[in-house]
Amino acid sequence: MFCFKHFTKEQFASCWEVSREKYYRLAYCYTKNEHDALEILSEATYKGYCHLHQLKQPEHFDTWMSRIIIFEAYHFLKWKKRWVSYEQYMEIPNENMFCEVEENVDIYRCLDKLSAEERTLLILKYFEERSFKEISEILCMPENTVKTKTYRLLRKIREEEAYGN
């Protein structure tokens, strides 16, 4: 990652470009929809650029942007729950809708059952492959707390799967 004392427009763009795909995957894990993930990224990029002066340590750009994306995803999902599009309301299920890969459906169903904090822990650890240290920086909590919560969450998921809940 780049290390700058003060970011310019070009430096922001180059840092963003380096991690663009990772940021997209992070947003997609929350929305499971390409269009919505891109909307989150657009809003997060705008907010990150506008508040770049608040970044105290430029070497933490990746962590800082990940945090903005997560908060934007929370905001987007909260807003989206309030509204249902006419197309969704009138949509009639057809057989093609149920041809998704079973494994992905199970993973996303599991994620949907979790609280926002639990979902974030799993996405950062296993989808984004972040270290416990990085996760603790993103979520502003002690590293040992992140480890404890992650392992408890995994135990909880295993128990639910064993009992078929």
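C140 lies in the loop between α8 and α9. Helix α9 spans residues 143-163. In this predicted model, the phi of C140 is positive, near 55°. C140 is a residue other than glycine.

A second positive phi is found at E129. This residue sits in the loop between α7 and α8. Its phi is about 55°, although E129 is not a glycine. E129 is exposed, because its relative accessible area of 68% lies over the 50% cut-off.

The two helices joined by the loop of E129 also pack against each other. Helix α7 covers residues 116-127, and helix α8 covers residues 132-139. Their axes are 10 Å apart. The packing angle is about 140°. That angle makes α7 oblique to α8, because only values over 145 degrees count as roughly antiparallel. The crossing of the two helices is right-handed.

Residues from both helices build the contact. Helix α7 contributes T120, L121, L124 and K125. From α8 come F132, I135, I138 and L139. By class, six of the contact residues are nonpolar. One polar and one charged residue complete the contact of α7 with α8.

Along the chain, then, the α7 and α8 pair is joined by a loop that holds E129, and the loop between α8 and α9 holds C140.

How values were computed: Residues numbered from 1 in each chain as written. Predicted model: local features only at pLDDT ≥ 70, side-chain atom pairs only at ≥ 80, totals over all residues. Heavy atoms only, no water. Axes fitted to C-alpha atoms, helices over the stretch in contact; angles between N-to-C directions. Helix = DSSP H or I, 4+ residues; strand = E, 2+ residues; numbered from the N terminus. Parallel < 35°, antiparallel > 145°, perpendicular 65-115°, else oblique. Left-handed = near helix turned anticlockwise from the far one by under 90°. Contact = heavy atoms within 4.5 Å. Nonpolar A, V, L, I, M, F, W, Y, C, P; charged D, E, K, R; others polar. Buried < 20%, exposed > 50% of the residue type's maximum accessible area, 1.4 Å probe, protein only.
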